[in-house]
Amino acid sequence: MSQVNYLMGRLLRMNYRSMFATVGKLHKKTGKSRLWLFGDMVICGLRYGAGYKDYMLCEFYNLTPAQRATYVTRGVNNRIVRLCNDPQWYRCVEDKTEFNRLYGKYVHRGWLDMQRCTYDGFAEFMGGRDTVISKPAAATCGKGIEKLCKGDFDSLQEMYDHLKASGAGLIEDLIVQHPDVSKLYPDAVNTYRIVTVTRSGVSGVVYAFIRIGNGGRFVDNLNSGGMAAPVNVETGVIEFPAFDKDSKYYEVHPATGTPIPGCRLPYWRESVELCLEAAQVVPQLGYVGWDVAVSADGPQLIEGNHFPGHDILQMPPHVPDKVGMLPRFREFIPEL
């Protein structure tokens, strides 16, 4: 019944204008008829839980039925979340202040709750600090994050008033990333996304990638102009080109000229171990995407996501064998 409810909900909430626009784009790209593409898209939605974006990004029109059945689609990803995550515990990772309290052992940097602090507490925290990162309590995709310097304000009181007026959830120490990571792109903190599944008290990593900033921006999120590249979980080596939200692929970073495939990431094993430990803190959240920054001293946990993206590592050329991630997930969740 849950699958039927999901499909009915998708039909009611579908952005049909965007769907038909996608059909038009694929018609121009592939030469296949619009009617065939639309019909095949509907079949993939019903049979594999694939949304029209899954269909386009993962190039389902080039896959056999057996290959399609190996992909983690939107519908499959929703099922993984339902199987592994208890919604009553979402706040643990959604609220950044609550997250820092719960996972403080792995944060490894100074931070201050701006929602509760007084001016005196703020002034004490800022003693000896010139620059901080301000974050909303619950925003996602890098939205609302600010890099603030004392010198940007006429007084510390003005800086405090700005943070209060902007609704800042917390402020944190600026992360100075490892020089080897900075070579990829120095203007943003390029974070590792390490996705864990915890079942029956045992945690494992199902996939991982690195997010890399671009375009002069100081955040690395894809929705803010960044890019992502798959990382071999065992070796910490980037194995494929990076890609951005426009599905452009990069063998070399356009801003720095640094080659991306073949790059070995520092403190990789330590970062994986950190995430596996963090996954045990709230076992009611059994499927989490962890964002990790790496300084010269080691990894620092940035945040956790209870609804990790599912399509990022299933787009060509990241799947040359045209086998998706579902077999990997079934190693941890056999009932999928």
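This tour moves through two sheets, the helices that pack on them, and a surface patch. The model is predicted.

**The four-stranded sheet**

Begin by selecting strands S1, S4, S2 and S3, which in that order make up an open sheet of four strands with antiparallel pairing. Colour S1 (111–113) and S3 (146–149) separately: these two strands stand at the edges, and each has a single partner strand, so one side of each is left without a neighbour in the sheet. On average, neighbouring strands of this sheet are turned by 30° against each other, direction ignored.

Next, restrict the selection to residues 131–136 and 168–173. The former is strand S2 and the latter strand S4; they run antiparallel and are joined by five bridges. Within this pair, display Lys 135, which stands opposite Leu 170 in S4.

Now add residues 156–166 to the view. This is helix H11, which lies across S2, S3 and S4. The helix runs at about 165° to S3.

**The seven-stranded sheet**

Turn to the second selection, an open sheet in which seven strands follow the order S9-S8-S7-S6-S5-S10-S11, again with antiparallel pairing. Its edge strands are S9 (249–250) and S11 (298–305), each of which pairs on one side only.

For a local view, select residues 227–230 and 242–244. These are strands S7 and S8, which run antiparallel and are joined by two bridges. Met 227 stands opposite Asp 244 in S8.

Two helices can then be added to this sheet. Select residues 74–84 to show helix H6, which packs on the sheet and touches S5 (192–199) and S10 (287–295). The direction of H6 makes about 95° with that of S10. Then select residues 268–278, helix H13, which lies across S5, S6 (202–212), S10 and S11. Helix H13 runs at about 40° to S5.

**The nonpolar surface patch**

Finally, switch to a surface representation and select Tyr 16, Phe 20, Phe 38, Val 42 and Leu 46. Together these residues form a nonpolar patch on the surface, with about 450 Å² of accessible area. Helix H2 (16–30) and helix H3 (34–48) are the elements that give two or more residues to the patch. Which helix provides the largest share of the patch? Helix H3 does, with three residues.

End the tour at Phe 20, which is found in helix H2. This residue counts as partly exposed because its relative accessibility is 46%, and the partly exposed class lies between 20% and 50%.

Note on methods: Residues numbered from 1 in each chain as written. Predicted model: local features only at pLDDT ≥ 70, side-chain atom pairs only at ≥ 80, totals over all residues. Heavy atoms only, no water. Pairing = 2+ DSSP bridges. Axes fitted to C-alpha atoms, helices over the stretch in contact; angles between N-to-C directions. Contact = heavy atoms within 4.5 Å. Patch = residues over 30% accessible without salt bridge, like charges linked within 9 Å, V, L, I, M, F, W, Y side chains within 5 Å. Areas by Shrake-Rupley, 256 points an atom, 1.4 Å probe, with all protein chains shown as cover. Salt bridge = Lys/Arg side-chain N within 4 Å of Asp/Glu carboxyl O. Buried < 20%, exposed > 50% of the residue type's maximum accessible area, 1.4 Å probe, protein only.
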